[in-house]
Amino acid sequence: MITVIANLKGGTGKSTVTFNLAVWLRAAGRRTTVIDLDPQRTLSDAAALRAEVGIEPSIRVQAGTFQDVNLPEDAEEIIIDVGTADLGSFKQAIMIADRILIPVTPSQADIWSTQRFVAFLYKNTHGNPPESITFHNRAKTNKAIQASDEAAAALDELPGVRLLPQRLSGRAAFRDSFSEGRAVFELQPRSIASREFKSLAETMFGRDHHLLIDRLRKQKASTAVNPAFHQALETPSAKSPAMDRVGYADATPAAGAETTDESGEQEQRGKKKHKTKESKKRKKALKRKQGKKDKKNPKGGKTKKGRKKKKKS
């Protein structure tokens, strides 16, 4: 299965999540291929540090553009970290993905970005995107702060994606382990951060992940016929006609769009006909005026008044 960890917005922790998932899968004995298509190469750096220190299991990472990497047929799991800095590889990875994992930090900016990303998926897969899963990454640890719960409520209403209940909190253990080339469950196996991550990994790749995929497919079928789908993906800027937007409407023409275009063309043709008639009328009037002058002075010479003035001089 090919899982792509992606988001249009940077700073959501994609590389950290990908690295921890890769280590978890390798530790579980799964034949796993790890691919780094993000030009920043953060995932590759962490894997190189792990190899330098000699930590097992080792994580071999293929890095480069989409054309540079190899997708082995015998791999049980292929996980791909992508970034928008290489948009070509980003789009190609989405096209081959079985599912997309979208880390979202709890902020309004990230909710809007996720809305755009879901629309982006529909546009760049011709309305047939892979299964899309989202979860809260770097969630607030202070229970008094409601930002994570509010963001979760917003994501839960977003069509086309499934929100996992598992969250990864913004704990120092994730940063510290990643900087040492270790997974969080290796550095601090008994920590809350370790338990959070294992819960996410087991949901994604454990025994029950096939049930999750079945639920996602049913949800995808229901959103395909949901008339409110387009409206739910609109961000504030998408509602403004003066702003360029990437949205579902760009991928799938809205109902009545052809009729609007036809009426516009008819209006333009009517304006052209009106202008042509006015032009013809002006030309005829000029010809009649010129004809009268030619009758008064058929030889093209000077008029009688002009000749009299010449004699007097």
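**Overall architecture and selected local features**

The chain contains 13 helices and seven strands. The model is a predicted one. Of the 313 residues in the chain, 41% are buried. The accessible surface amounts to about 18500 Å², and carbon and sulfur atoms contribute 50% of that surface. Among contacts in the chain with a separation of 6 or more, 78% are made by residues that lie 24 or more positions apart.

The largest pocket encloses about 270 Å³ of space. Its lining consists of 18 residues, of which G10, G11, K14, D38 and Q40 are the closest to the centre of the pocket. By residue type, the lining is made up of 11 polar, four charged and three nonpolar residues. Helix 1, which spans residues 14-27, supplies three residues, and this is the largest share of the lining.

Helix 1 also holds R26. With a relative accessible area of 30%, R26 is partly exposed, because this value falls between the limits of 20% for buried and 50% for exposed residues. Apart from neighbours within four places in sequence, R26 is in contact with T32, P57, S58 and I59. For the pair R26 and I59, the C-alpha atoms are 7.7 Å apart, while the two residues are separated by 33 residues in sequence.

P57, one of the residues in contact with R26, is located in the loop between helix 2 and strand 3 (61-63). The peptide bond that joins E56 and P57 is cis, with an omega of about 0 degrees.

V53 belongs to helix 2, which covers residues 42-53. The relative accessibility of V53 is 52%, and V53 therefore counts as exposed, the cut-off being over 50%. The C-alpha atom of V53 is separated by 8.2 Å from that of G181, a residue 128 residues apart from V53 along the chain.

In helix 3 (residues 87-96), the buried residues are S89, F90, A93 and I94. Viewed down the axis of helix 3, these buried residues fall within an arc of 140 degrees, so they line one face of the helix. In an α-helix there are 3.6 residues a turn, so residues three or four places apart point the same way. The cover over the buried residues of helix 3 includes three strands and a helix, namely strand 1 (2-5), strand 4 (77-81), strand 5 (99-104) and helix 4 (108-124).

Two residues with positive phi were examined. H126 is not a glycine, yet H126 has a positive phi of about 55 degrees. H126 is placed in the loop between helix 4 and strand 6 (131-139). The relative accessible area of H126 is 71%, so H126 is exposed. R138 likewise has a positive phi, of about 60 degrees, and is not a glycine. The position of R138 is within strand 6. R138 has a relative accessible area of 41% and is therefore partly exposed.

Technical notes:
Residues are numbered from 1 along each chain as its sequence is written. This is a predicted model: local features need pLDDT of at least 70, side-chain atom pairs count only at pLDDT 80 or more; totals for chains, interfaces and linings use all residues. Side-chain values use heavy atoms; hydrogens and water are left out. On a 1 Å grid over the protein atoms alone, a cavity is a set of points where a 1.4 Å probe fits but cannot get out, and a pocket is an open set with protein on both sides within 12 Å along at least five of seven lines; lining residues have an atom within 4 Å of a point. Grid points are joined across faces, edges and corners, and a volume is the space filled by probe spheres set on the points. Helices (H or I, at least four residues) and strands (E, at least two) are DSSP runs, numbered from the N terminus. Ala, Val, Leu, Ile, Met, Phe, Trp, Tyr, Cys and Pro count as nonpolar, Asp, Glu, Lys and Arg as charged, and the others, Gly among them, as polar. Buried means under 20% relative accessible area, exposed over 50%, partly exposed in between (1.4 Å probe, protein chains only). Contact means heavy atoms within 4.5 Å. Accessible areas come from the Shrake-Rupley method with a 1.4 Å probe; for residues, only the protein chains shown count as cover. The arc is that of the directions from the helix axis to the C-beta atoms.
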